Amino acid sequence: MASSLTWTLPGTWPSRTVTQPTQQTRPVEPGLADLDERALVEACLSGRSAAFDVIVERHRRSVYLLCYRFVSNHEDASDLSQDVFLRAYRGLRSFRGQSSLATWLYRIGVNVCLNRVSAKKPLSESIEDRQFVDEKAESAPDRLLKDERGARVRAAIAQLPRKQRATLVLRMYHEMSHQEIADVLGSSVGAVKANFFHALSNLKKMLGSEVL
Amino acid sequence: MHLQPDELIDLAEGTRAESSATHLAECAVCRLQLEELKAMMSAAADVDVPEPSPLFWDHFSARVRQAVDAEGAPRRSFWTWPRVLIPATAVAAAVLAVAVTLNTGETGRVIAPIPAVLPAPVAPLASVDLLSDPQAPDDTALTLVAELSSDMDFEAAREAGLAARGSAEHAVTHLTGSELRELQRLLQEELARSGA
(Lines give C-alpha, C1' and ligand atoms only; values in the text may rest on other atoms or scores of the structure.)
Protein backbone atom coordinates (compact mmCIF):
# COMPACT_ATOMS: atom_id res chain seq x y z
CA MET A 1 0.00 0.00 0.00
CA ALA A 2 1.26 3.46 -0.84
CA SER A 3 2.32 5.68 2.01
CA SER A 4 1.06 9.22 2.40
CA LEU A 5 2.24 12.46 3.85
CA THR A 6 0.18 14.89 5.85
CA TRP A 7 1.05 18.53 5.51
CA THR A 8 -0.44 21.93 6.14
CA LEU A 9 -1.27 24.15 3.24
CA PRO A 10 0.32 27.57 3.45
CA GLY A 11 -1.32 30.94 2.87
CA THR A 12 -5.04 30.80 2.37
CA TRP A 13 -5.56 27.53 4.24
CA PRO A 14 -3.64 28.06 7.48
CA SER A 15 -5.57 25.62 9.59
CA ARG A 16 -6.28 23.00 7.01
CA THR A 17 -4.37 19.79 6.61
CA VAL A 18 -4.38 17.74 3.49
CA THR A 19 -3.40 14.16 3.02
CA GLN A 20 -0.99 14.25 0.16
CA PRO A 21 -0.39 10.97 -1.62
CA THR A 22 3.22 10.17 -2.14
CA GLN A 23 4.09 11.15 -5.67
CA GLN A 24 4.66 7.89 -7.43
CA THR A 25 7.12 8.40 -10.18
CA ARG A 26 6.04 6.54 -13.24
CA PRO A 27 8.51 6.37 -16.09
CA VAL A 28 7.48 8.79 -18.78
CA GLU A 29 7.00 6.75 -21.89
CA PRO A 30 8.12 8.65 -24.96
CA GLY A 31 5.40 9.61 -27.40
CA LEU A 32 2.43 8.97 -25.10
CA ALA A 33 1.49 12.62 -24.94
CA ASP A 34 1.23 12.72 -28.73
CA LEU A 35 -1.20 9.82 -29.01
CA ASP A 36 -4.82 10.40 -29.93
CA GLU A 37 -7.67 9.24 -27.68
CA ARG A 38 -8.18 5.84 -29.22
CA ALA A 39 -4.48 5.08 -29.15
CA LEU A 40 -4.28 6.15 -25.51
CA VAL A 41 -7.14 3.84 -24.61
CA GLU A 42 -5.48 0.98 -26.50
CA ALA A 43 -2.22 1.71 -24.70
CA CYS A 44 -4.02 1.54 -21.35
CA LEU A 45 -5.66 -1.74 -22.25
CA SER A 46 -2.35 -3.21 -23.30
CA GLY A 47 -0.97 -2.49 -19.85
CA ARG A 48 0.72 0.88 -20.31
CA SER A 49 -0.89 2.50 -17.28
CA ALA A 50 1.04 5.72 -17.86
CA ALA A 51 -1.31 6.30 -20.79
CA PHE A 52 -4.15 6.74 -18.33
CA ASP A 53 -2.16 9.49 -16.62
CA VAL A 54 -2.24 11.34 -19.94
CA ILE A 55 -6.00 10.88 -20.21
CA VAL A 56 -6.44 12.20 -16.67
CA GLU A 57 -4.22 15.17 -17.37
CA ARG A 58 -6.14 16.07 -20.52
CA HIS A 59 -9.60 15.84 -19.01
CA ARG A 60 -9.23 16.45 -15.28
CA ARG A 61 -10.13 20.12 -15.42
CA SER A 62 -13.30 19.70 -17.46
CA VAL A 63 -14.40 16.75 -15.33
CA TYR A 64 -13.72 18.71 -12.15
CA LEU A 65 -15.67 21.73 -13.43
CA LEU A 66 -18.57 19.49 -14.37
CA CYS A 67 -18.63 18.00 -10.88
CA TYR A 68 -18.31 21.40 -9.25
CA ARG A 69 -21.35 22.61 -11.19
CA PHE A 70 -23.34 19.86 -9.58
CA VAL A 71 -22.14 20.03 -5.99
CA SER A 72 -20.88 23.61 -5.64
CA ASN A 73 -17.99 22.79 -3.35
CA HIS A 74 -14.38 21.89 -3.90
CA GLU A 75 -14.09 18.86 -1.66
CA ASP A 76 -17.03 16.99 -3.14
CA ALA A 77 -16.10 18.01 -6.67
CA SER A 78 -12.61 16.66 -6.11
CA ASP A 79 -13.88 13.35 -4.73
CA LEU A 80 -16.45 12.98 -7.48
CA SER A 81 -13.87 13.73 -10.16
CA GLN A 82 -11.62 11.01 -8.80
CA ASP A 83 -14.57 8.64 -8.81
CA VAL A 84 -15.31 9.53 -12.43
CA PHE A 85 -11.79 8.65 -13.53
CA LEU A 86 -11.75 5.46 -11.51
CA ARG A 87 -15.01 4.33 -13.08
CA ALA A 88 -13.70 5.29 -16.49
CA TYR A 89 -10.61 3.17 -15.88
CA ARG A 90 -12.70 0.22 -14.80
CA GLY A 91 -14.88 0.50 -17.87
CA LEU A 92 -12.18 1.40 -20.35
CA ARG A 93 -12.81 -1.71 -22.44
CA SER A 94 -16.35 -0.55 -23.10
CA PHE A 95 -15.14 2.66 -24.73
CA ARG A 96 -15.54 2.03 -28.44
CA GLY A 97 -14.64 5.43 -29.80
CA GLN A 98 -18.13 6.09 -31.11
CA SER A 99 -18.19 9.31 -29.13
CA SER A 100 -15.25 11.38 -28.02
CA LEU A 101 -13.49 10.44 -24.83
CA ALA A 102 -14.66 13.75 -23.36
CA THR A 103 -18.30 12.91 -24.08
CA TRP A 104 -17.82 9.45 -22.60
CA LEU A 105 -16.27 10.94 -19.47
CA TYR A 106 -19.11 13.47 -19.24
CA ARG A 107 -21.59 10.63 -19.39
CA ILE A 108 -19.86 8.91 -16.49
CA GLY A 109 -19.54 12.23 -14.68
CA VAL A 110 -23.20 13.10 -15.03
CA ASN A 111 -24.22 9.68 -13.72
CA VAL A 112 -21.82 9.91 -10.79
CA CYS A 113 -22.98 13.44 -9.96
CA LEU A 114 -26.67 12.70 -10.31
CA ASN A 115 -26.31 9.70 -8.04
CA ARG A 116 -24.46 11.82 -5.51
CA VAL A 117 -26.80 14.80 -5.55
CA SER A 118 -29.81 12.58 -5.18
CA ALA A 119 -28.26 11.12 -2.05
CA LYS A 120 -26.81 14.29 -0.63
CA LYS A 121 -27.86 17.90 -0.68
CA PRO A 122 -25.21 20.16 -2.19
CA LEU A 123 -23.16 22.05 0.32
CA SER A 124 -22.86 25.76 0.08
CA GLU A 125 -19.45 26.80 -1.05
CA SER A 126 -17.00 27.94 1.55
CA ILE A 127 -15.01 31.13 1.68
CA GLU A 128 -11.90 29.01 1.14
CA ASP A 129 -13.27 27.78 -2.14
CA ARG A 130 -13.87 31.26 -3.36
CA GLN A 131 -10.32 32.28 -2.63
CA PHE A 132 -9.15 30.33 -5.65
CA VAL A 133 -10.73 32.89 -7.95
CA ASP A 134 -8.44 35.40 -9.55
CA GLU A 135 -9.74 38.65 -8.16
CA LYS A 136 -7.20 40.96 -9.71
CA ALA A 137 -9.35 41.76 -12.71
CA GLU A 138 -12.29 43.17 -10.76
CA SER A 139 -12.78 45.67 -8.00
CA ALA A 140 -13.80 44.36 -4.58
CA PRO A 141 -17.43 45.66 -4.69
CA ASP A 142 -17.96 44.32 -8.18
CA ARG A 143 -16.51 40.99 -7.19
CA LEU A 144 -18.70 40.85 -4.09
CA LEU A 145 -21.82 41.65 -6.08
CA LYS A 146 -20.98 39.07 -8.69
CA ASP A 147 -20.22 36.47 -6.01
CA GLU A 148 -23.55 37.05 -4.30
CA ARG A 149 -25.48 36.87 -7.53
CA GLY A 150 -23.53 33.82 -8.61
CA ALA A 151 -24.27 32.10 -5.30
CA ARG A 152 -28.00 32.72 -5.74
CA VAL A 153 -27.97 31.37 -9.27
CA ARG A 154 -25.95 28.32 -8.19
CA ALA A 155 -28.37 27.67 -5.34
CA ALA A 156 -31.28 27.88 -7.76
CA ILE A 157 -29.60 25.53 -10.21
CA ALA A 158 -29.05 23.09 -7.36
CA GLN A 159 -32.82 23.01 -6.81
CA LEU A 160 -33.60 21.99 -10.38
CA PRO A 161 -34.78 18.46 -11.15
CA ARG A 162 -31.87 16.16 -12.05
CA LYS A 163 -32.22 16.05 -15.83
CA GLN A 164 -32.94 19.74 -16.10
CA ARG A 165 -29.87 20.48 -14.02
CA ALA A 166 -27.68 18.16 -16.06
CA THR A 167 -28.96 19.64 -19.31
CA LEU A 168 -28.38 23.20 -18.17
CA VAL A 169 -24.89 22.46 -16.87
CA LEU A 170 -23.79 20.65 -20.03
CA ARG A 171 -25.31 23.26 -22.35
CA MET A 172 -24.33 26.42 -20.54
CA TYR A 173 -20.95 25.52 -19.09
CA HIS A 174 -19.56 22.81 -21.31
CA GLU A 175 -20.85 24.09 -24.63
CA MET A 176 -22.10 20.70 -25.66
CA SER A 177 -24.52 20.48 -28.58
CA HIS A 178 -28.05 19.29 -28.00
CA GLN A 179 -27.16 16.04 -29.75
CA GLU A 180 -24.14 15.46 -27.50
CA ILE A 181 -26.24 16.13 -24.42
CA ALA A 182 -28.86 13.71 -25.72
CA ASP A 183 -26.11 11.10 -26.10
CA VAL A 184 -24.86 11.71 -22.58
CA LEU A 185 -28.31 11.62 -21.00
CA GLY A 186 -29.69 8.88 -23.21
CA SER A 187 -32.54 11.00 -24.51
CA SER A 188 -33.61 12.79 -27.69
CA VAL A 189 -32.68 16.24 -28.94
CA GLY A 190 -36.30 17.30 -28.47
CA ALA A 191 -36.23 16.16 -24.85
CA VAL A 192 -32.96 18.02 -24.29
CA LYS A 193 -34.44 21.26 -25.63
CA ALA A 194 -37.57 20.78 -23.55
CA ASN A 195 -35.47 20.13 -20.43
CA PHE A 196 -33.37 23.18 -21.13
CA PHE A 197 -36.47 25.30 -21.60
CA HIS A 198 -38.00 24.07 -18.34
CA ALA A 199 -34.71 24.51 -16.51
CA LEU A 200 -34.51 28.17 -17.54
CA SER A 201 -38.20 28.73 -16.79
CA ASN A 202 -37.78 27.21 -13.32
CA LEU A 203 -34.73 29.39 -12.70
CA LYS A 204 -36.84 32.40 -13.56
CA LYS A 205 -39.51 31.30 -11.08
CA MET A 206 -36.95 30.79 -8.32
CA LEU A 207 -34.89 33.89 -8.90
CA GLY A 208 -37.66 36.25 -9.96
CA SER A 209 -36.26 39.49 -11.20
CA GLU A 210 -33.33 39.66 -8.80
CA VAL A 211 -30.72 38.65 -11.35
CA LEU A 212 -32.24 40.39 -14.35
CA MET B 1 -50.77 28.96 -31.26
CA HIS B 2 -47.78 29.92 -29.13
CA LEU B 3 -44.22 28.91 -29.89
CA GLN B 4 -43.13 25.52 -28.62
CA PRO B 5 -40.29 25.12 -26.07
CA ASP B 6 -37.83 23.83 -28.66
CA GLU B 7 -38.64 26.75 -30.97
CA LEU B 8 -38.11 29.24 -28.15
CA ILE B 9 -34.79 27.60 -27.27
CA ASP B 10 -33.63 27.82 -30.88
CA LEU B 11 -34.57 31.48 -30.96
CA ALA B 12 -32.95 32.22 -27.59
CA GLU B 13 -29.73 30.51 -28.64
CA GLY B 14 -29.73 32.28 -31.96
CA THR B 15 -29.73 29.11 -34.04
CA ARG B 16 -32.97 30.35 -35.57
CA ALA B 17 -33.50 33.95 -36.64
CA GLU B 18 -36.30 35.80 -34.89
CA SER B 19 -37.40 37.15 -38.22
CA SER B 20 -38.26 33.63 -39.30
CA ALA B 21 -40.78 33.29 -36.47
CA THR B 22 -43.66 35.38 -37.75
CA HIS B 23 -45.72 34.52 -34.68
CA LEU B 24 -43.22 36.36 -32.50
CA ALA B 25 -44.05 39.73 -34.04
CA GLU B 26 -47.69 39.45 -33.12
CA CYS B 27 -47.52 37.65 -29.73
CA ALA B 28 -46.44 39.59 -26.66
CA VAL B 29 -46.53 36.46 -24.47
CA CYS B 30 -43.98 34.64 -26.62
CA ARG B 31 -41.79 37.74 -26.90
CA LEU B 32 -41.76 38.08 -23.11
CA GLN B 33 -40.98 34.40 -22.67
CA LEU B 34 -38.13 34.66 -25.14
CA GLU B 35 -36.68 37.67 -23.32
CA GLU B 36 -36.86 35.83 -20.00
CA LEU B 37 -35.10 32.80 -21.45
CA LYS B 38 -32.31 35.02 -22.77
CA ALA B 39 -32.01 36.77 -19.42
CA MET B 40 -31.75 33.47 -17.54
CA MET B 41 -29.15 32.18 -19.96
CA SER B 42 -27.15 35.33 -19.44
CA ALA B 43 -27.46 35.08 -15.64
CA ALA B 44 -26.41 31.43 -15.65
CA ALA B 45 -23.51 32.07 -18.01
CA ASP B 46 -22.18 34.72 -15.66
CA VAL B 47 -21.62 32.27 -12.81
CA ASP B 48 -17.96 31.39 -12.29
CA VAL B 49 -16.49 28.21 -10.93
CA PRO B 50 -13.62 28.94 -8.55
CA GLU B 51 -10.49 27.73 -10.27
CA PRO B 52 -8.48 25.33 -8.13
CA SER B 53 -4.88 26.05 -7.31
CA PRO B 54 -2.29 24.67 -9.76
CA LEU B 55 -1.00 22.56 -6.87
CA PHE B 56 -4.35 20.84 -6.69
CA TRP B 57 -3.96 19.23 -10.11
CA ASP B 58 -0.73 17.43 -9.23
CA HIS B 59 -2.32 16.26 -6.02
CA PHE B 60 -5.41 15.14 -7.90
CA SER B 61 -3.47 13.22 -10.53
CA ALA B 62 -1.49 11.47 -7.80
CA ARG B 63 -4.72 10.44 -6.05
CA VAL B 64 -6.19 9.06 -9.25
CA ARG B 65 -2.95 7.23 -10.02
CA GLN B 66 -2.95 5.61 -6.60
CA ALA B 67 -6.55 4.55 -6.97
CA VAL B 68 -5.92 3.18 -10.46
CA ASP B 69 -2.79 1.32 -9.38
CA ALA B 70 -4.77 -0.27 -6.57
CA GLU B 71 -7.40 -1.27 -9.08
CA GLY B 72 -5.17 -3.37 -11.34
CA ALA B 73 -5.72 -3.84 -15.06
CA PRO B 74 -9.00 -2.65 -16.62
CA ARG B 75 -11.67 -5.33 -16.48
CA ARG B 76 -13.26 -7.10 -19.38
CA SER B 77 -16.42 -5.26 -20.25
CA PHE B 78 -19.90 -6.69 -20.43
CA TRP B 79 -19.97 -6.03 -24.17
CA THR B 80 -17.00 -8.25 -24.88
CA TRP B 81 -18.39 -11.20 -22.95
CA PRO B 82 -20.66 -12.62 -25.65
CA ARG B 83 -17.65 -13.30 -27.88
CA VAL B 84 -16.32 -15.77 -25.34
CA LEU B 85 -19.52 -16.73 -23.58
CA ILE B 86 -21.24 -18.01 -26.72
CA PRO B 87 -18.63 -20.70 -27.46
CA ALA B 88 -18.33 -21.41 -23.75
CA THR B 89 -22.07 -21.88 -23.50
CA ALA B 90 -22.05 -24.14 -26.54
CA VAL B 91 -19.34 -26.30 -24.98
CA ALA B 92 -21.18 -26.40 -21.67
CA ALA B 93 -24.42 -27.37 -23.40
CA ALA B 94 -22.73 -30.23 -25.23
CA VAL B 95 -21.04 -31.51 -22.08
CA LEU B 96 -24.25 -31.31 -20.05
CA ALA B 97 -26.29 -33.06 -22.72
CA VAL B 98 -23.86 -35.99 -22.82
CA ALA B 99 -23.60 -36.06 -19.05
CA VAL B 100 -27.33 -36.20 -18.64
CA THR B 101 -27.42 -38.98 -21.19
CA LEU B 102 -24.92 -41.05 -19.23
CA ASN B 103 -26.44 -40.35 -15.85
CA THR B 104 -30.03 -41.03 -16.77
CA GLY B 105 -29.05 -44.07 -18.82
CA GLU B 106 -27.94 -45.87 -15.66
CA THR B 107 -31.22 -45.32 -13.87
CA GLY B 108 -33.39 -46.12 -16.84
CA ARG B 109 -34.79 -42.62 -17.16
CA VAL B 110 -35.56 -40.92 -20.45
CA ILE B 111 -32.40 -39.86 -22.26
CA ALA B 112 -32.13 -36.19 -23.08
CA PRO B 113 -31.56 -35.55 -26.78
CA ILE B 114 -28.12 -34.48 -27.89
CA PRO B 115 -28.19 -31.29 -29.96
CA ALA B 116 -28.13 -32.23 -33.62
CA VAL B 117 -25.99 -29.25 -34.60
CA LEU B 118 -23.14 -27.90 -32.58
CA PRO B 119 -21.85 -24.37 -33.18
CA ALA B 120 -18.54 -23.95 -34.97
CA PRO B 121 -16.57 -22.43 -32.05
CA VAL B 122 -16.37 -25.80 -30.27
CA ALA B 123 -14.05 -27.18 -32.97
CA PRO B 124 -10.79 -26.91 -30.97
CA LEU B 125 -12.20 -29.28 -28.35
CA ALA B 126 -12.05 -32.18 -30.77
CA SER B 127 -8.29 -32.32 -30.45
CA VAL B 128 -8.11 -31.61 -26.74
CA ASP B 129 -7.53 -34.28 -24.17
CA LEU B 130 -10.14 -33.31 -21.61
CA LEU B 131 -8.73 -35.51 -18.89
CA SER B 132 -5.03 -34.91 -19.26
CA ASP B 133 -4.62 -31.50 -17.62
CA PRO B 134 -7.63 -29.77 -16.17
CA GLN B 135 -5.51 -26.73 -15.33
CA ALA B 136 -4.42 -26.14 -18.92
CA PRO B 137 -5.16 -22.47 -19.63
CA ASP B 138 -5.06 -22.63 -23.42
CA ASP B 139 -8.76 -22.26 -24.08
CA THR B 140 -9.78 -18.64 -23.46
CA ALA B 141 -13.43 -19.55 -23.01
CA LEU B 142 -12.67 -22.11 -20.32
CA THR B 143 -10.23 -19.72 -18.72
CA LEU B 144 -12.93 -17.07 -18.55
CA VAL B 145 -15.43 -19.50 -17.08
CA ALA B 146 -12.82 -20.52 -14.52
CA GLU B 147 -12.17 -16.88 -13.67
CA LEU B 148 -15.84 -16.08 -13.32
CA SER B 149 -16.49 -19.03 -11.08
CA SER B 150 -13.28 -18.85 -9.07
CA ASP B 151 -14.98 -17.03 -6.21
CA MET B 152 -17.89 -19.45 -6.07
CA ASP B 153 -17.54 -22.44 -3.82
CA PHE B 154 -19.60 -25.61 -4.16
CA GLU B 155 -21.99 -24.59 -1.41
CA ALA B 156 -22.70 -21.28 -3.13
CA ALA B 157 -23.23 -23.07 -6.42
CA ARG B 158 -25.64 -25.50 -4.81
CA GLU B 159 -27.51 -22.66 -3.10
CA ALA B 160 -27.77 -20.93 -6.45
CA GLY B 161 -29.34 -24.05 -7.86
CA LEU B 162 -26.38 -24.79 -10.12
CA ALA B 163 -25.51 -28.19 -8.74
CA ALA B 164 -28.62 -29.65 -7.23
CA ARG B 165 -28.68 -33.39 -6.71
CA GLY B 166 -29.99 -35.01 -9.85
CA SER B 167 -28.90 -32.09 -12.06
CA ALA B 168 -26.52 -32.41 -14.98
CA GLU B 169 -23.83 -30.53 -13.04
CA HIS B 170 -24.17 -32.94 -10.19
CA ALA B 171 -23.95 -35.84 -12.60
CA VAL B 172 -20.75 -34.51 -14.18
CA THR B 173 -19.07 -33.92 -10.86
CA HIS B 174 -19.88 -37.45 -9.76
CA LEU B 175 -18.69 -39.37 -12.84
CA THR B 176 -16.17 -42.12 -12.33
CA GLY B 177 -12.93 -42.25 -14.29
CA SER B 178 -14.31 -44.73 -16.82
CA GLU B 179 -17.48 -42.68 -17.23
CA LEU B 180 -15.42 -39.58 -17.89
CA ARG B 181 -13.40 -41.40 -20.53
CA GLU B 182 -16.63 -42.58 -22.13
CA LEU B 183 -17.92 -39.00 -22.03
CA GLN B 184 -14.79 -37.81 -23.76
CA ARG B 185 -15.15 -40.47 -26.45
CA LEU B 186 -18.80 -39.62 -27.05
CA LEU B 187 -18.01 -35.91 -27.25
CA GLN B 188 -15.25 -36.43 -29.77
CA GLU B 189 -17.47 -38.77 -31.78
CA GLU B 190 -20.27 -36.24 -31.80
CA LEU B 191 -17.97 -33.41 -32.77
CA ALA B 192 -16.48 -35.44 -35.60
CA ARG B 193 -19.92 -36.43 -36.87
CA SER B 194 -21.18 -32.85 -36.89
CA GLY B 195 -18.14 -31.84 -38.90
CA ALA B 196 -17.10 -29.25 -36.36
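These exercises work through two chains of a predicted model, each with a solution in steps.

The model is predicted, so local features need pLDDT of at least 70 and side-chain atom pairs count only at pLDDT 80 or more, while totals for chains, interfaces and linings use all residues. Residues are numbered from 1 along each chain as its sequence is written, and chains are lettered from A and ligands numbered from 1 in the order in which they are written.

**Exercise 1. Describe the secondary structure and burial of chain A and of chain B.**

Step 1. Helices (H or I, at least four residues) and strands (E, at least two) are DSSP runs, numbered from the N terminus. Chain A has nine helices and two strands, in the order β-β-α-α-α-α-α-α-α-α-α along the sequence.

Step 2. Chain B has nine helices and zero strands.

Step 3. A residue is buried if 20 or more other C-beta atoms lie within 10 Å of its own, exposed if 12 or fewer, and partly exposed in between, with C-beta atoms placed from the backbone. By this rule, buried residues make up 33% of the 212 residues in chain A and 19% of the 196 residues in chain B.

**Exercise 2. Work out how helix α2 of chain A lies against helix α4 of chain B.**

Step 1. Two packed helices are described by the angle between their axes and the distance between the axes. Axes are lines fitted to C-alpha atoms, for helices over the stretch in contact, and angles run from 0 to 180 degrees between N-to-C directions.

Step 2. The axes of α2(A), residues 50-71, and α4(B), residues 54-71, come within 10 Å and cross at roughly 140 degrees.

Step 3. Angles under 35 degrees count as roughly parallel, over 145 as roughly antiparallel, 65 to 115 as roughly perpendicular and the rest as oblique. The helices α2(A) and α4(B) are therefore oblique to each other.

Step 4. Two residues are in contact if their C-beta atoms, placed from the backbone, lie within 7 Å. On the α2(A) side the contact residues are A:Phe52, A:Asp53, A:Val56, A:Glu57 and A:Arg60, and those they meet in α4(B) include B:Trp57 and B:Phe60.

**Exercise 3. Examine helix α3 of chain A, its length and its packing.**

Step 1. The expected span of a helix is 1.5 Å times one less than its number of residues. For the 17 residues of α3(A) this gives 24 Å, and the end C-alpha atoms are 24 Å apart, which agrees.

Step 2. Helix α3(A), residues 74-90, packs against α4(B) at an angle of about 40 degrees, with the axes 10 Å apart. Residues that make this contact include A:Phe85 and A:Tyr89 of α3(A), and B:Phe60 and B:Val64 of α4(B).

Step 3. Both A:Phe85 and A:Tyr89 are among the buried residues of α3(A).

**Exercise 4. Compare the surroundings of A:Ser72 and A:Glu175, and then place A:Ser62.**

Step 1. A:Ser72, in the loop between α2 and α3 of chain A, has a positive phi of about 60 degrees although it is not a glycine. It is buried, because 23 other C-beta atoms lie within 10 Å.

Step 2. A:Glu175, in the loop between α7 (162-173) and α8 (178-185) of chain A, has a positive phi of about 50 degrees, and it is not a glycine either. With 8 C-beta neighbours inside 10 Å, A:Glu175 counts as exposed.

Step 3. A:Ser62 lies in helix α2 of chain A and counts as partly exposed, with 16 C-beta neighbours inside 10 Å. Leaving aside residues up to four places away in sequence, A:Ser62 touches A:Ala102 and A:His174.
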